[in-house]
Amino acid sequence: QVQLVESGGGLVQPGGSLRLSCAASGSVFSINVMAWYRQAPGKQRELVAAITSSSSTNYADSVKDRFTISRDNAKNTVYLQMHTLKPEDTAVYYCNAGVRRTYNSLDYWGQGTQVTVSS
């Protein structure tokens, strides 16, 4: 099993920056993909960014060129560096760890961290 703990959320002004961290523990060797999702009230949870075990990345169009996902394998930690934040980025951000196998897929979730972009 995998446990995830997010940190780094908070209140920031439009145009500002934040860096979110997600520390993984447990069976970290089994993780294929790490990702950040976000969910605003009344909205669907959406993928923000993902990074694979081979360091391939992908981003939602809405955050492309503003957010960067990265990992530190030695620390079992994934980061989301967010720049030029906009009010529409306001949401609870969740860390996700994906275990992909032939016959099943498992997903582990952090507790979420609030990001609020407002003046």
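The link between Cys22 and Cys95 is left-handed, with -85° about the S-S bond. The two residues form a disulfide in which the sulfur atoms are 2.0 Å apart. Cys22 belongs to strand 3 and Cys95 to strand 9, so the pair ties together parts that are 73 residues apart in sequence. A disulfide is a covalent bond between the sulfur atoms of two cysteines. A search of the whole structure finds one such link, and both Cys22 and Cys95 are buried. The model described here is a predicted one.

The chain around this link has zero helices and eleven strands. Read along the sequence, its pattern is β-β-β-β-β-β-β-β-β-β-β. The radius of gyration is 14 Å, close to the 14 Å that the globule rule gives for 119 residues, so the chain is as compact as a globular protein of that length. Along its principal axes the C-alpha trace spans about 45 × 30 × 25 Å. Of the 119 residues, 39% are buried. Among contacts between residues at least 6 apart in sequence, 52% join residues at least 24 apart.

Strand 3, which holds Cys22, is part of an open sheet. Four strands form this sheet in the order 1-3-8-7, with antiparallel pairing. Its edge strands are strand 1 (2-7) and strand 7 (67-72), each of which pairs on one side only. From one strand to the next, the twist averages 15°. At one end of the order, strand 1 and strand 3 pair in the antiparallel sense over six bridges. There Glu6 has Cys22 of strand 3 as its bridge partner. At the other end, six bridges join strand 7 to strand 8 (residues 77-82), and these two strands also run antiparallel. In this pair, Ser70 stands opposite Tyr79 in strand 8.

Which side chains of strand 1 are buried, and which are not? The side chains alternate along the strand: Val2, Leu4 and Glu6 point to one face and are buried, while Gln3, Val5 and Ser7 point to the other and are not. Val5 touches Ser21, Cys22, Ala23 and Gln111, leaving out residues up to four places away in sequence. Val5 and Gly112 are 107 residues apart in sequence, yet their C-alpha atoms are 8.0 Å apart in space. Val2, on the buried face of strand 1, is in contact with Ser30. Ser30 sits in the loop between strand 3 and strand 4. Its relative accessibility is 17%, and it counts as buried because the limit is under 20%. Besides Val2, Ser30 contacts Gly98 and Val99, with neighbours within four places in sequence left aside.

Strand 9, which holds Cys95, is mostly covered: eight of its ten residues are buried. This strand takes part in several pairings. Seven bridges join strand 4 to strand 9 in an antiparallel arrangement, where Tyr37 stands opposite Tyr94. Five bridges join strand 9 to strand 10 (residues 105-109), again antiparallel, and here Ala97 faces Tyr108 in strand 10. Strand 9 and strand 10 form a hairpin with four residues between them. Three more bridges run between strand 9 and strand 11, which are antiparallel as well; in that pair Ala91 stands opposite Val115.

The last topic is the interior. In soluble globular proteins, nonpolar side chains tend to be buried together. In this model the largest nonpolar core has 30 residues, and Leu4, Met34, Trp36, Leu80, Met82 and Tyr93 touch the most other members. At least two residues of this core come from each of strand 1, strand 3 (18-26), strand 4 (33-39), strand 5 (46-52), strand 7, strand 8, strand 9 (91-100) and strand 11 (113-117). Strand 9 gives the largest share, five residues. Met82 touches Gly16, Ser17, Leu18, Leu20, Arg66, Phe67, Tyr93 and Val115, not counting residues up to four places away in sequence. Among these contacts of Met82 is Tyr93, which is also one of the core residues that touch the most other members.

Methods. Residues are numbered from 1 along each chain as its sequence is written. This is a predicted model: local features need pLDDT of at least 70, side-chain atom pairs count only at pLDDT 80 or more; totals for chains, interfaces and linings use all residues. Side-chain values use heavy atoms; hydrogens and water are left out. Two strands pair if DSSP finds at least two bridges between them. Axes are lines fitted to C-alpha atoms, for helices over the stretch in contact, and angles run from 0 to 180 degrees between N-to-C directions. A nonpolar core is a set of buried Ala, Val, Leu, Ile, Met, Phe, Trp, Tyr and Cys residues joined through side-chain atoms within 4.5 Å. Buried means under 20% relative accessible area, exposed over 50%, partly exposed in between (1.4 Å probe, protein chains only). Contact means heavy atoms within 4.5 Å. A disulfide is a pair of cysteine sulfur atoms within 2.5 Å. The radius of gyration is taken over C-alpha atoms; the globule rule is 2.2 Å times the number of residues to the power 0.38.
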